[in-house]
Amino acid sequence: MLTYLDGFERYLLILKALNIKTVKSYTLFISEFFNWLIIKEKTTDVTQLSRKDIEIYIEDLFYRGNKDSSRVTKIIALSNFFRYLVYEGVIISDPTKDIPRPRSRTKLMLTFNRAEVLRFFRQVDIKTEKGL
């Protein structure tokens, strides 16, 4: 597995044009995954890993308290790693391809209700130049 990490980093930096911090964190996540495989006494041969192995890892992350956003990032790192292995011809298909990703519940835009908007406009003093 370690033999693939250098090529994986080059793949992310050069071909995918990712930020160096992202590349380093993805590499760390891949190392964590393979350490987990060793601890759980599962195969570390990338040609033998299945979608089920990865799903068990993600489930373990959930029970260890990883937030949805953390699990999504780790799935993305694993997906990139396995796509790299497909690109290099090490494996035939990406075992992460059909794994659903947890939804992020991040609210992207602050919204106001009618009362808040009216209160905002009531604060404006239209008798002053700045208020106009």
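**View 1. Phe-8 and Tyr-84, two aromatic residues that are both buried.** Welcome to this predicted model; we start with a ring pair. The centres of the Phe-8 and Tyr-84 rings are 6.0 Å apart, and with 55 degrees between their planes the pair is tilted. That label follows because planes under 30 degrees apart count as stacked and over 60 as edge-to-face, with the rest counted as tilted. Phe-8 belongs to helix H1 and Tyr-84 to helix H4, so this pair ties together parts 76 residues apart in sequence.

**View 2. Phe-33 and Tyr-57, an edge-to-face pair.** Here the ring centres are 4.9 Å apart and the planes meet at 70 degrees, so the pair is edge-to-face. Phe-33 sits in helix H2, while Tyr-57 sits in helix H3, so the pair ties together parts that are 24 residues apart in sequence. Phe-33 is buried, with a relative accessible area of 0%. Tyr-57 is buried too, at 2%.

**View 3. The surroundings of Phe-8.** Now take a look around the Phe-8 side of the first pair. Once neighbours within four places in sequence are set aside, Phe-8 is in contact with Tyr-26, Thr-27, Ile-30, Ala-77, Asn-80, Phe-81 and Tyr-84.

**View 4. A cluster of linked rings.** How many aromatic pairs does a search of the whole structure find? The search finds 12. Ring pairs join Phe-8, Tyr-11, Phe-33, Phe-34, Trp-36, Tyr-57, Phe-81, Phe-82, Tyr-84 and Tyr-87 into a cluster. Both pairs shown earlier have their members in this cluster: Phe-8 and Tyr-84, as well as Phe-33 and Tyr-57, are listed in it.

**View 5. The largest nonpolar core, with 27 residues.** Which members touch the most other members of this core? They are Phe-8, Ile-30, Phe-33, Phe-34, Phe-81 and Phe-82. At least two core residues come from each of helix H1 (2–15), helix H2 (20–39), helix H3 (51–63) and helix H4 (68–88). H2 gives the largest share, 8 residues.

**View 6. Lys-21, an exposed residue.** To finish, we leave the core and visit a lysine in helix H2, Lys-21. Is Lys-21 buried or exposed? Its relative accessible area is 68%, and Lys-21 is exposed because the cut-off for that word is over 50%. Measuring from C-alpha to C-alpha in the model, Lys-21 and Arg-64 are 25 Å apart in space, and they are 43 residues apart in sequence.

Note on methods:
Residues are numbered from 1 along each chain as its sequence is written. This is a predicted model: local features need pLDDT of at least 70, side-chain atom pairs count only at pLDDT 80 or more; totals for chains, interfaces and linings use all residues. Side-chain values use heavy atoms; hydrogens and water are left out. A nonpolar core is a set of buried Ala, Val, Leu, Ile, Met, Phe, Trp, Tyr and Cys residues joined through side-chain atoms within 4.5 Å. Buried means under 20% relative accessible area, exposed over 50%, partly exposed in between (1.4 Å probe, protein chains only). Helices (H or I, at least four residues) and strands (E, at least two) are DSSP runs, numbered from the N terminus. Contact means heavy atoms within 4.5 Å. Rings of Phe, Tyr and Trp (its six-membered ring) pair if their centres lie within 6.5 Å; planes under 30 degrees apart count as stacked, over 60 as edge-to-face and the rest as tilted.
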